[in-house]
Amino acid sequence: MTRKHRPEGESDAGAADPASEDAASEDAARGDAASGGTESAAIVPEVEETASAIASMEIRGAATIAGAAAEALATQARETAVEDPATFRATMRAAARRLHETRPTAVSLPNALRYVLQRMEGDDVETLRRRVVRSSARFTRRLEEARDRLGEVGANRLQDGDVVMTHCHSTDALACIEAALDQGKSLSAIVKETRPRNQGHITAEALRELDVPVTLIVDSAARRYLDEADHVLVGADSIAADGSVINKIGTSGLAVNARERGVPIMTAAQTIKLHPETLTGHTVEIETRDEDEVIDPATRSGIGDLTVENPAFDVTPPRYMDAIVTESGQFPPESIVTLMRELFGDGAETPWAEP
Ligand SMILES: O=P(O)(O)OC[C@H]1O[C@H](OP(=O)(O)O)[C@H](O)[C@@H]1O
């Protein structure tokens with residue numbers, strides 16, 4: 001089952017069409033010899049490996065996925081040995097589509113593909129290749145710079161001695177804690193384990209490496225421990241135009257409880273987490289993962305006939321979130337749309353689409 005989140009008050013619009021000159025080479029890029037293309041080039045094994053690793057969550061976390069996808073496109077560009085620019089472009093689009101189909105919720109992935117492919121300009125293969133490799137490197141650099149900048153913004157919200165409750169594992173959220181420590185503040189953390197995949201353990205390990213005292217709790221203990229927390233700090237996989245935060249399952253319940261207990265909650269999310277398609281009324285697909293992540297098959301069969309559902313993310317409405325912290329500053333969720341329009345105009349192109 002797939003649930004969609006539709007932000008309020010927006011209308012639908014179509015996506016931009018890529019150039020039609022590449023149409024004949026599209027099948028060739030998939031290695032289809034019957035397509036009639038003069039040259040063919042396939043997706044390189046490294047792109048397949050990255051795509052599989054993203055799908056299996058060996059590579060995970062919205063920003064990390066984006067960086068890996070950009071890097072995979074650079075590898076594809078470097079290793080595609082063709083002379084025809086149209087075939088080269090078609091092969092790059094095919095590689096991007098393979099990466100795009102891996103996980104549906106974190107918009108950082110299509111935003112990475114968009115960033116690289118929109119800069120793939122030129123009339124010959126060498127120029128195209130150089131542009132892809134250069135923009136991939138620039139994208140990766142910008143990821144790191146954005147994380148550092150938003151960390152400083154988020155750190156300003158934290159006071160010396162604060163106790164911060166976390167959910168899942170977010171590099172953007174951790175950047176805020178790291179920057180606060182750099183500012184000389186002393187912090188401690190209450191870390192939710194975050195079933196079913198226990199990414200809280202990754203957070204706990206990262207915080208211990210920073211020497212932050214950590215209390216690990218099960219997810220259902222969160223409300224009890226909110227009385228001891230000064231802040232809740234989460235990441236995001238996507239942020240919709242109405243300010244809704246799409247993040248790891250359990251975030252919305254945590255946010256409602258935090259509001260009830262009077263504990264401020266912030267989302268740390270660099271601008272590649274802003275979902276441009278929601279500007280034109282599109283919805284954010286919530287990924288459902290394997291049922292075995294929730295219960296192992298042996299235990300399940302011992303229980304008997306059972307329906308198991310495993311949505312990986314949920315939607316926190318803007319009224320339950322105090323602030324979204326980005327590299328462009330702090331925003332009340334309801335005003336994030338102004339930043340989105342500035343960055344994306346009225347919508348998003350899909351440069352990986354088949355003509
Ligand atoms: O980009 P950064 O802040 O690292 O991560 C953002 C989000 O990505 C993760 O998703 P998953 O574990 O890939 O399903 C979590 O939901 C986390 O909040």
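A polar contact is taken here as a pair of N or O atoms within 3.5 Å, and it is in this sense that the surroundings of the ligand are described in the present model, which is a predicted one. A polar side-chain atom of Arg 103 lies 2.8 Å from an oxygen atom of the ligand, and because the cut-off for a polar contact is 3.5 Å, this pair at 2.8 Å falls within it. For Thr 171, the corresponding distance between a polar side-chain atom and an oxygen atom of the ligand is 2.5 Å, and an N or O atom in the side chain of Lys 248 is likewise placed 2.5 Å from a ligand oxygen. The accessible area that the ligand has on its own, 450 Å², is covered to 100% by the protein.

The ligand is located in the largest cavity. The elements contributing two or more residues to the shell around it are the helices α3 (62-79) and α7 (171-182), together with the strand β7 (245-248). In total, 19 residues surround the ligand, and those that come nearest are Arg 60, Thr 171, Asp 237, Asn 247 and Lys 248. By residue class, the shell is made up of six nonpolar, seven polar and six charged residues. Both domains take part in this shell, since at least three of its residues are drawn from domain 1 (26-31 + 41-146) and at least three from domain 2 (153-344).

Two features of the backbone may be added to this description of the ligand site. The peptide bond that leads from Arg 195 to Pro 196 is cis, with an omega near 5 degrees, and Pro 196 itself belongs to the loop that runs between β3 (188-192) and α8 (200-209). Met 57, although it is not a glycine, has a positive phi of about 70 degrees; Met 57 is found in the loop between α2 (45-55) and α3, and α3 is also one of the elements that give two or more residues to the shell around the ligand.

Key:
Residues are numbered from 1 along each chain as its sequence is written. This is a predicted model: local features need pLDDT of at least 70, side-chain atom pairs count only at pLDDT 80 or more; totals for chains, interfaces and linings use all residues. Side-chain values use heavy atoms; hydrogens and water are left out. A residue is near a molecule or strand if one of its heavy atoms lies within 4 Å of it. A polar contact is a pair of N or O atoms within 3.5 Å; within protein, one must be able to donate a hydrogen and the other to accept it, and residues adjacent in sequence count only if both atoms are side-chain atoms. Accessible areas come from the Shrake-Rupley method with a 1.4 Å probe; for residues, only the protein chains shown count as cover. On a 1 Å grid over the protein atoms alone, a cavity is a set of points where a 1.4 Å probe fits but cannot get out, and a pocket is an open set with protein on both sides within 12 Å along at least five of seven lines; lining residues have an atom within 4 Å of a point. A molecule sits in a cavity or pocket if more than half of its atoms lie within 2 Å of its grid points. Helices (H or I, at least four residues) and strands (E, at least two) are DSSP runs, numbered from the N terminus. Ala, Val, Leu, Ile, Met, Phe, Trp, Tyr, Cys and Pro count as nonpolar, Asp, Glu, Lys and Arg as charged, and the others, Gly among them, as polar.
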